[in-house]
Amino acid sequence: MTPQSDNILQLDNVEVVYDNVISALHDVSLSVPRGKVVALLGGNGAGKSTTLKAISTMLAAEHGKVTNGTIMYDGTPVTNQEPSHMVGLGLVQVLEGRRCFGHLTVEENIITGAYSRKLSKAEMRNELERMYGYFKRLRDRRTSQAGYTSGGEQQMIAVARAMMAKPKMLLLDEPSMGLAPQLVAEIFRIVQALNKEEGVSILLAEQNTNVALRNADYGYIIETGHVMLEGSAESLLNDDKVKELYLGISKEGRKNFRDVLREENKAHPDLHHH
Ligand code: ATP
């Protein structure tokens, strides 16, 4: 028997084009080790959502396509597969902007995540209780109409619903978006717990570099469809370029990543980046 790869997910030189002409990813290579949390960082329009949708194979709905490179998930090539196929393989994406069914209750929303599993009533109750163990405030809100819950609660509903499919891997698109810092911290605490206790591997896209790196094992920074820098979360948090560009610790304000690298390459011609 061949040993399973240590990486649950691996992208090699992935290129994505929308509408046959708009090139969104140029050459993205990244991997997620089994059981780890990896952060995909970068500003608006960097290509984070596109990368996640390439993996969950949701690009076709937006007239996008992987035109080059390969995506391997759990030992099988999945490039340009059908999204329903991916859920069957245990990979679930939580889309940006949370998207609950507003007219359903919180609990009914969470239950929809288990549609592909044949659960008895008792099993369903068990699974719900397990989720409420993580998402404590959803238990109190379970009979409320989801459309009337707060942004933070809706984000929690979206993650809980995804977990009801019992995924091996979760893709999270900007879980912190639009939320107050306290709620962001709460959501990331839950994400950490799901990773540690349920063993789910996680790739999360975030503009909030600081909070993402504090909750991840490893990170990739992308800009205009290219991986600019990668490293352990700790090394990125301590990296001067990352501090200056993404953590707001800068005297001159935000610059472009390429400019900083260019300046640095002049100063240290032996440094290597992507
Ligand atoms: P954001 O945080 O704003 O979502 P992002 O890093 O997720 O940013 P993407 O949404 O992946 O970035 O966008 C990457 C590039 O692809 C951008 O130039 C964007 O304009 C383009 N793009 C994204 N979706 C589409 C689409 N459906 N059709 C055409 N171009 C698209």
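This note comments on the nonpolar cores and the ligand site of a predicted model.

1. Basis. In this predicted model, local features need pLDDT of at least 70 and side-chain atom pairs count only at pLDDT 80 or more, while totals for chains, interfaces and linings use all residues. Residues are numbered from 1 along each chain as its sequence is written, and side-chain values use heavy atoms, with hydrogens and water left out.

2. Main core. The largest nonpolar core (buried Ala, Val, Leu, Ile, Met, Phe, Trp, Tyr and Cys residues joined through side-chain atoms within 4.5 Å; buried means under 20% relative accessible area, 1.4 Å probe, protein chains only) has 54 residues, of which Ile110, Phe135, Leu138 and Leu170 touch the most other members. Helix H7 (residues 181-198; a DSSP run of H or I, at least four residues) contributes the most, with eight residues. At least three residues come from each of domain 1 (1-90 + 167-182 + 191-234) and domain 2 (100-166), with bounds from an automatic or database domain assignment.

3. Leucine 170. Beyond neighbours within four places in sequence, the contacts (heavy atoms within 4.5 Å) of leucine 170 include Val92, Val159, Met163 and Ile202. A second, separate core of 31 residues includes Leu25, Ala46, Met86 and Leu171.

4. Ligand shell. Around the ligand are 15 residues (a heavy atom within 4 Å), and Asn44, Gly45, Lys48, Ser49 and Thr50 come nearest. Helix H1 gives the most to this shell, with three residues.

5. Polar contacts (N or O pairs within 3.5 Å). A backbone N or O atom of serine 49 lies 2.7 Å from a ligand oxygen atom; for alanine 46, the corresponding distance is 3.1 Å. A polar side-chain atom of glutamate 62 lies 3.0 Å from a ligand nitrogen atom.

Definitions and conventions:
Buried < 20%, exposed > 50% of the residue type's maximum accessible area, 1.4 Å probe, protein only. Helix = DSSP H or I, 4+ residues; strand = E, 2+ residues; numbered from the N terminus. Polar contact = N/O pair within 3.5 Å; in protein donor to acceptor, adjacent residues only side chain to side chain.
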